[in-house]
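Subject: Structure for your review

Dear colleague,

Please find below the structure that I am handing over to you. My notes on it follow.

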Amino acid sequence: MAAARNLRTFGGMSTSVHALRGFRASLLRFAPDHAQAIFDQDGLLVVGPGAAGIQKVVAVGPYADVAPHYPGLAVEHLPGRIIAPGFVDMHIHYPQTDVIGAPAEGLLPWLENYTFPHEKRFSAPDYAADVASFFIAELLRNGVTTALTFATSHPTSVHALFTEAQKHHMRLITGKVLQDRHSPDGVRDETEQSLVDTETLIQQWHGVDRLGYAITPRFAPTSTPAQLRGAGELAAKYPEVWVQSHVAENLGEIAWARELFPESASYLATYADFGLMRKRAVYAHCIHFDDSDRALMRESGAVAAISPTSNLFLGSGFFDYAGADRIGFGYGLASDVGGGTSFSPFHTMLAAYYVGREGQTKTGLSLSPQHLWWQHTAGAAQALDLAGVVGNLQPDCEADFVVLNPQATPLLARKTAQANSLDELLFAMIVLGDDRLVERTQIACRSS
Ligand SMILES: [Zn+2]
């Protein structure tokens, strides 16, 4: 049964074996709908051109089961390596690539003293293009193949990033930041123009190749009610477009948001009041929630981008996994660079483990290695409404994957050699891994 499903040819089309490529290595993937990992010690991944011309997974499974169905297949053998889905980063700021590691006393001083002055520079197209190029290279070097990222308030910053991502055939989502108040000159935008610019960018970029647009109010305090209302109208008019923002990161921010929008039931509810909570709406942080907020997330279909290195770095607090699972809303992992401290999914997964363990402010628990990995691949894709598209290596998924070398460092080699189970192997890589573990990142290129 499983083998039959694995061997299904994409889209029912019969494809000549000459158009296919095979990769033989250990293979990690996930069951389609939950955090259960499947691992083939000696596996075969077969990729080929899909309906839209993008390389897709055609078959995957144990080598001995899959290989006989593809006589003559050109197979690249990668002994000792692990092929895994490319990582999905649910929340990052490409213009903050150079803000990483900025010393500041918490969120609001960090914004004022480092982030806003830096983001002003993205009005210059050449500058934006230069950072976009470095940013995409750094994502790929770390094994991240899909990201939902903030740009700045300047449309030039969006053009620069989409142009660069398109060059690399990446599935990437971004949007112009909306911030028409409580922001310094140079990053503050103008209400009406910001909405016109957003719609123009949607029409120009959303759905082009593998690119997607996200309506991007920075956070409620830096937008007027008129700007939030306009953003909500666009979110209704373009339901296939994403929405991204921040919420309930830190107590000072929450008090400020409550003061500015006293008529809303909570900070989170402010977004719902303006029509900004729906499927494909992604809120970074979601730390200081009560059960009404959690229920609002679940009912609206909005999801959380958990940003553990950022939350630890800025001292913001700890995402409550038990609370989220008790009420049942979607989530996945994010680096949140530059508040976050690393582009590496391994560092983010380890920080998520620390956050889960913390038991003073909420229930502490031990997230399993498989679950941590899922949160940064298939789980993140599911949260972005991209399940079966990216973040996994099931048949029909776009063929974005990483080749990992578990012998990349002496300690990794020593520790992974002693692993007695899949969880031990995955956790050794989560705890000890970084960009050195990622030997290669493969993007599902257009076939011709
Ligand atoms: Zn952020």
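What is the volume of the largest cavity? It comes to about 130 Å³. Please bear in mind throughout that this is a predicted model.

**Cavities**

A search of the whole structure returns 2 cavities of 30 Å³ or more. The lining of the largest cavity is made up of 15 residues. Those nearest its centre are L107, W110, L111, H246 and E249. Helix α3, which spans residues 107-119, supplies the largest share of this lining, with 3 residues. Sorted by class, the lining of the largest cavity holds 5 nonpolar, 6 polar and 4 charged residues.

**The zinc site**

H246, listed above among the residues nearest the centre of the largest cavity, is also a ligand of the zinc ion. The zinc ion is coordinated through NE2 of H91, H93 and H246 and through OD of D336, at 2.0 to 2.3 Å. Along the chain, these donors follow the spacing H-x1-H-x152-H-x89-D. Because H93 belongs to strand β5 and D336 to the loop between β13 (331-333) and α13 (345-357), this pair ties together parts that are 243 residues apart in sequence.

Why is the arrangement around the zinc ion irregular? The 4 donor atoms subtend angles of 87 to 171 degrees, which makes it so; a tetrahedral assignment would require all angles to lie between 85 and 135 degrees.

Two of the ligands may be described further. H93 counts as buried, at 2% relative accessibility. D336 is likewise buried, its relative accessible area being 4%. The cut-off for a buried residue is under 20%.

**Strands β5, β6 and β7**

Strand β5 covers residues 87-93, and 7 of its 7 residues are buried, so the strand is largely enclosed by the rest of the structure. Strand β5 is joined to strand β6 (residues 144-150) by 5 bridges, and the two run parallel. Within this pairing, D89 stands opposite A147, while I92 has T149 as its bridge partner in β6.

In β6, too, 7 of the 7 residues are buried, so this strand is also largely enclosed by the rest of the structure. Strand β6 is further connected to strand β7 (residues 171-175) by 5 bridges, again in parallel. T149 appears in this second pairing as well, with T174 as its bridge partner in β7.

**The largest pocket**

The largest pocket has a volume of about 220 Å³. Its lining consists of 14 residues, and F39, Q41, I82, T416 and L425 lie nearest its centre. Two or more lining residues come from each of β2 (37-49), β4 (75-85), α16 (410-417) and α17 (422-432). Strand β4 provides the largest share, 3 residues. By class, the lining of the largest pocket comprises 7 nonpolar, 6 polar and 1 charged residues.

**A residue in helix α4**

Finally, I would draw your attention to F135, which is found in helix α4 (residues 125-141). F135 is buried, with a relative accessible area of 0%. F135 and P95 are separated by 40 residues in sequence, and their C-alpha atoms are 8.5 Å apart in space.

Yours sincerely

Notes: Residues are numbered from 1 along each chain as its sequence is written. This is a predicted model: local features need pLDDT of at least 70, side-chain atom pairs count only at pLDDT 80 or more; totals for chains, interfaces and linings use all residues. Side-chain values use heavy atoms; hydrogens and water are left out. On a 1 Å grid over the protein atoms alone, a cavity is a set of points where a 1.4 Å probe fits but cannot get out, and a pocket is an open set with protein on both sides within 12 Å along at least five of seven lines; lining residues have an atom within 4 Å of a point. Grid points are joined across faces, edges and corners, and a volume is the space filled by probe spheres set on the points. Helices (H or I, at least four residues) and strands (E, at least two) are DSSP runs, numbered from the N terminus. Ala, Val, Leu, Ile, Met, Phe, Trp, Tyr, Cys and Pro count as nonpolar, Asp, Glu, Lys and Arg as charged, and the others, Gly among them, as polar. Buried means under 20% relative accessible area, exposed over 50%, partly exposed in between (1.4 Å probe, protein chains only). Two strands pair if DSSP finds at least two bridges between them. Donors are N, O and S atoms within 2.8 Å of the metal (3.2 Å for Na, K and Ca); water is not among the atoms, so sites may look incomplete. Four donors count as tetrahedral if all angles lie between 85 and 135 degrees; four count as square planar and six as octahedral if opposite donors are over 155 degrees apart and all others between 65 and 115; anything else is irregular.
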